[in-house]
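Here is a short set of exercises to work through with the model open beside you. Try each task before reading its solution.

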Amino acid sequence: MNVTATLIGQIIVFAVLVWFVKAFLWEPMLNMMEERKKRIADGLAAAERGQKEQEEAEQRAQKQLDEAKQRASEIINQAQRRASEIVDEAKNDAREEGERIKAAALSDIEQEINRARESLRKQVAAIAIAGAEQVLKREIDAKAHRAVLDDLAAHI
Amino acid sequence: MAESSEPISANPVEYIQHHLTNWCLGCNPKTDEPASLIDFSVIFVDTILFSVLIAGLLMWVAYKVGKNLSLEKPGGIQNFLEAILEFTDRQIKDIFPRRSRIVGPLAFTIFLWVFLLNFMDLIPVDLLPWLARWIGSTFFGADPHDVYLRVVPTANLDTTFAMALSVFALIIFYNIKIKGGWGYAKMFLTHPFGIYLAPVNVVMTTVEEIAKPLSLGLRLFGNLFAGELLFVLIALLSFAWVVLPLQVFLGVAWAIYHILIITVQAFIFGLLTIVYLGLASEEQH
């Protein structure tokens, strides 16, 4: 229980030890822990940012999907409308064509009737002349009475 | 736990005294003690030896850990040291009004070093002295009775006051650095009763300041000295085989309790260092 020169020695040992621990352990370790703290904070911030970005991307994708659906249904509607238009047009065309063909056929029939009637008239005139010739025989000159016969034929 | 040759129970007083005597250079050859209470011609070799060995061990560990610091996967010792460092750093941040570069490493080192020095107390009391005696008498031809070894450096006033006085020097340094020479002097004059009781204040503050290193050094010394003495006394119980169970029981109980004491003493020394230096670096209020 004395104070001796050991005191001086111990102070020197203590001072060297404190210096050594400060230089080789305290400061590197404190720096490392500071860096670790920073890295953890960075990591958390990055994770949060990533999550936010993902949410935004999902929202964007949803929006695009909705738009696409809407456009698709618009296109389908348009196509249906167009299809019914085409069908209507086709119907109209067919009806017009039909009517045209019918009209042409009617006029053909009319012409055919007229022609038949004309030739019948001519044949009747010829028969009438032949009849008249039979009746009249020589008294009637075909040439001289042509006008009379034609008139007759026209009245048949 | 008998001493090498003679049965210890024959002379318990001598046994205790032998345990409490240092390996000494420059002591009185008859008494193996320093000539006076304060004698700077004397060096205690065992105290220096064990302090330096443990300081070396601490430096080696500090160097190893400091060089291989792992940010991702801290290992066992690194984790342990990180926990102590973080605790120390938080205490300093709570107490200190400003950043200080030396207080952290100082308190950190004090805790670790004091703890390890105290830990020498848990080595069986007779083991290392017996080893020293054997080496001394076998290799150096010394009389076994003249080979002394005290293994606990903190049970020696020199070690505890080496740290306490270093802290005291830093207290004065910080006081003058932060408050200025005049501010520091004014603290002695006006604290705690105001300028009109200046003479009282000077005495009070001086006592207060001197008490800081004194209490630091004496507290640690007293605890460890008492601990060491108790281990020696328990070792004395081996005078007869009937009391052996009692000796074992007491030895185990005291050793377990002593683990707490050495940790708490190391902790208190470190924490008070922070507190005292924190007080010293406060601005005048």
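**Exercise 1. A charged pair in chain B**

Task: Find how Lys212(B) and Glu209(B) meet, and decide whether each is buried or exposed.

Solution. Keep in mind that this is a predicted model.

Step 1: Start with the side chains. Lys212(B) and Glu209(B) meet in a salt bridge, with 3.1 Å from N to O. The cut-off for a salt bridge is 4 Å, so the pair qualifies.

Step 2: Place the two residues. Both are part of helix α7 of chain B, which spans residues 198-236. They are three residues apart, about one turn of the helix.

Step 3: Check accessibility. Buried means under 20% relative accessible area. Lys212(B) has 9% relative accessibility, so Lys212(B) counts as buried. Glu209(B) has 5%, so Glu209(B) counts as buried too.

**Exercise 2. Two charged pairs in chain A**

Task: Work out where Glu97(A) and Arg100(A) lie relative to each other, then look at Arg121(A) and Glu118(A) in the same way.

Solution.

Step 1: Take Glu97(A) and Arg100(A), which form a salt bridge whose closest N and O atoms are 2.7 Å apart. The two are separated by about one helical turn because they are three residues apart in helix α1 of chain A.

Step 2: Turn to Arg121(A) and Glu118(A), whose side chains meet in a salt bridge at 3.2 Å, N to O. These residues also lie in helix α1 of chain A, three residues apart, or about one turn of the helix.

Step 3: Compare the accessibilities with the cut-offs: partly exposed falls between 20% and 50%. Glu97(A), at 37% relative accessibility, therefore counts as partly exposed. Arg121(A) has a relative accessible area of 29%, so Arg121(A) is partly exposed. Glu118(A), with 37%, is partly exposed as well.

Step 4: Put these pairs in context. Over all chains, the count comes to eleven salt bridges.

**Exercise 3. Where the chains touch**

Task: Describe the interface of chain A and chain B: how many residues are in contact, and how many salt bridges cross it?

Solution.

Step 1: Count the residues. On chain A, 31 residues are in contact with 55 residues of chain B.

Step 2: Look at the area. The two chains bury about 4000 Å² between them, and 76% of it is on carbon and sulfur atoms.

Step 3: Look for charged pairs. Two salt bridges are found across the interface. In one salt bridge, the side chains of Arg101(B) and Glu27(A) meet at 3.9 Å, N to O. A network of salt bridges links Lys22(A), Glu27(A) and Arg101(B).

Step 4: Add the polar contacts. Nine residue pairs, with both residues at pLDDT 80 or more, are in polar contact across the interface.

Step 5: Ask which elements of chain A take part. β1 (3-4) and α1 (6-136) each supply at least two residues of the side that touches chain B. The most comes from α1(A), with 26 residues.

Step 6: Sort that side of chain A by class. It has 21 nonpolar, five polar and five charged residues.

**Exercise 4. The disulfide**

Task: Find which cysteines form a disulfide, and say whether they are buried or exposed.

Solution.

Step 1: Count over all chains: the structure holds one disulfide.

Step 2: Identify the partners. Cys24(B) is joined to Cys27(B), with 1.7 Å from S to S.

Step 3: Read the twist of the link. The angle about the S-S bond is 85 degrees, and the link is right-handed.

Step 4: Check the surroundings. Cys24(B) and Cys27(B) are both buried.

**Exercise 5. Phe111(B) and its chain**

Task: Find which residues Phe111(B) contacts, leaving aside neighbours within four places in sequence.

Solution.

Step 1: Locate Phe111(B) in helix α4 of chain B, residues 103-119.

Step 2: Check accessibility. At 17%, under the 20% cut-off, Phe111(B) counts as buried.

Step 3: List the contacts. They are Ile84(B), Thr263(B), Ala266(B) and Phe267(B). Phe111(B) and Ile84(B) are 27 residues apart in sequence, with their C-alpha atoms 8.9 Å apart in space.

Step 4: Zoom out. Chain B has eight helices and three strands, and 47% of its 285 residues count as buried. Among its contacts between residues at least 6 apart in sequence, 70% join residues at least 24 apart.

Key: Residues numbered from 1 in each chain as written. Chains lettered and ligands numbered in written order. Heavy atoms only, no water. Disulfide = S-S within 2.5 Å. Buried < 20%, exposed > 50% of the residue type's maximum accessible area, 1.4 Å probe, protein only. Contact = heavy atoms within 4.5 Å. Buried area = accessible area lost by both parts, 1.4 Å probe. Polar contact = N/O pair within 3.5 Å; in protein donor to acceptor, adjacent residues only side chain to side chain. Helix = DSSP H or I, 4+ residues; strand = E, 2+ residues; numbered from the N terminus. Nonpolar A, V, L, I, M, F, W, Y, C, P; charged D, E, K, R; others polar.
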